[in-house]
Amino acid sequence: MSAGKAGKAAAGKAGARPPFVALSHGSALAAWRSGELGHDPAAFAPVKPGQTPTLHVTRAWAEDLARRFRLTLPLEASAWTPKARRNSALLRCHIHNPRLPYAYVRVGDELAVAAPELVLLQLAHELTVVELTLLASELFGWYFLDSGCEGGFVGRDRVLGRREVLLDLQKSASHVKGLRTLSYAVRYMVCDSRSPMETILALLLCLPAELGGYGLEKPVMNPRIDVLVEAEPGKAASWGSRYGDLAWEDAKLIVEYDSKANHDDYARDTSRANLLMANGWTVITALPGDVLDAKRCDQLAANIAAVLGKRPKSVPINYGALRQQLRADLFTASGTRCSENRNWQSSE
């Protein structure tokens, strides 16, 4: 690939590293979602101070990059100064805010990509609180959305986001547009979710009533739980571990989201639930219909609240409309892409 004639000239200088395009915003998000970059941003070298990106690219280079990462043209890229701004049919230019760290990683000689944490801040002024919270939960979860897959998402082997990097960005981002939205998203996002529907269920339960949620405590997602496993007759019991989907550890409550897409081994799931209950945990099973049907979701939330010892709180006078809007936003952003939603019929 070539980043254009200007890039070739600069690269030809003795000892000079080829100039790079700093992919940002929605294009950077799509690149991370593609899986082509792997799942460990820390594996790449950061862009160093003094390294300046180029906005001069050839059509062949841009189209090749778009095919590789399933991007659309124009690509979104950043320049360091307003003077360098250059928009074209191939590139849409953003100006990197100098108040922020240059949190880009070099993924090749001619390409850098905004780190996932920076992408959240870059998109914060374009997305609603709910949309950004969903995105943060995805980047700090074990999946990424992929409409080309049957289930609408693909699992990954590690979490992309790094909380310490995100917190550092927040601290340095005073007076940056979108910071308030990002602060809300960081407050309500869930980490370590393994599917969009787990995320949606958790957000419905923990988002405040002012946003249409049930206002319950935020669960821990997919924690490891130590359990005493009964042994065969004549043998001593031993300690083992199991994982729960949504857990409120102080109340010893687990909600298992039972999706056929992710839990096709019914016997295994039943055995796990029985073992957790034998160790003093309360286990509530949530089916896809319990999330997708508003009335059934109300009952599920009431059952969880009862176990948590939470009394109903006062809600805004327009709570019904807020709840309906929240559900529409969540399912539009990711829920309707889940395969288990397609054949489910509402009981309403």
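**Note on two sheets, a buried helix and two cores**

1. In this predicted model, four strands form an open sheet with mixed pairing, and their order is E9-E12-E13-E14. At the edges stand strand E9 (220-221) and strand E14 (282-286), each of which has a single partner strand, so one side of each is left without a neighbour in the sheet.

2. Within this sheet, strand E12 (residues 246-248) and strand E13 (residues 253-257) run antiparallel and are joined by three bridges. To follow the pairing residue by residue, one may begin at Leu246, whose bridge partner in E13 is Val255.

3. Two helices should be viewed together with these strands. Helix H8 (residues 196-206) packs on the sheet and touches E9, E12, E13 and E14, while its direction makes about 35° with that of E12. Helix H11 (residues 294-308) lies across E12, E13 and E14, and runs at about 170° to E14.

4. A second open sheet is built from six strands, again with mixed pairing, in the order E2-E5-E6-E1-E3-E4. Its edge strands are strand E2 (45-46) and strand E4 (91-95), each of which pairs on one side only.

5. In the six-stranded sheet, strand E5 (residues 104-108) and strand E6 (residues 111-114) pair in the antiparallel sense over four bridges, and the partner of Tyr104 in E6 is Ala114. Helix H4 packs on this sheet, where it touches strand E3 (75-79), E5 and E6, and its direction makes about 65° with that of E6.

6. How many of the eleven residues of helix H5 (residues 129-139) are buried? Nine of them are, so the helix is largely enclosed by the rest of the structure. The buried residues include Val130, Leu132, Thr133 and Leu134 towards the start of the list, and also Ser137, Glu138 and Leu139. Among the elements that cover them are helix H2 (25-34), helix H4 (116-123), strand E7 (143-145), helix H7 (179-188), H8 and helix H12 (319-333); H8 also packs on the four-stranded sheet, and H4 on the six-stranded one.

7. The largest nonpolar core has 56 residues, and of these Leu111 and Leu120 touch the most other members. Leaving aside residues up to four places away in sequence, Leu111 touches Phe20, Val21, Leu23, Trp61, Leu65, Phe69, Val105 and Arg106. Another core, of 33 residues, lies apart from that one, and its members include Leu134, Leu201, Ala286 and Leu292. Leu134 is thus worth locating in the model, since this residue is also listed among the buried residues of H5.

Methods:
Residues numbered from 1 in each chain as written. Predicted model: local features only at pLDDT ≥ 70, side-chain atom pairs only at ≥ 80, totals over all residues. Heavy atoms only, no water. Pairing = 2+ DSSP bridges. Contact = heavy atoms within 4.5 Å. Axes fitted to C-alpha atoms, helices over the stretch in contact; angles between N-to-C directions. Buried < 20%, exposed > 50% of the residue type's maximum accessible area, 1.4 Å probe, protein only. Core = buried A, V, L, I, M, F, W, Y, C linked by side-chain atoms within 4.5 Å.
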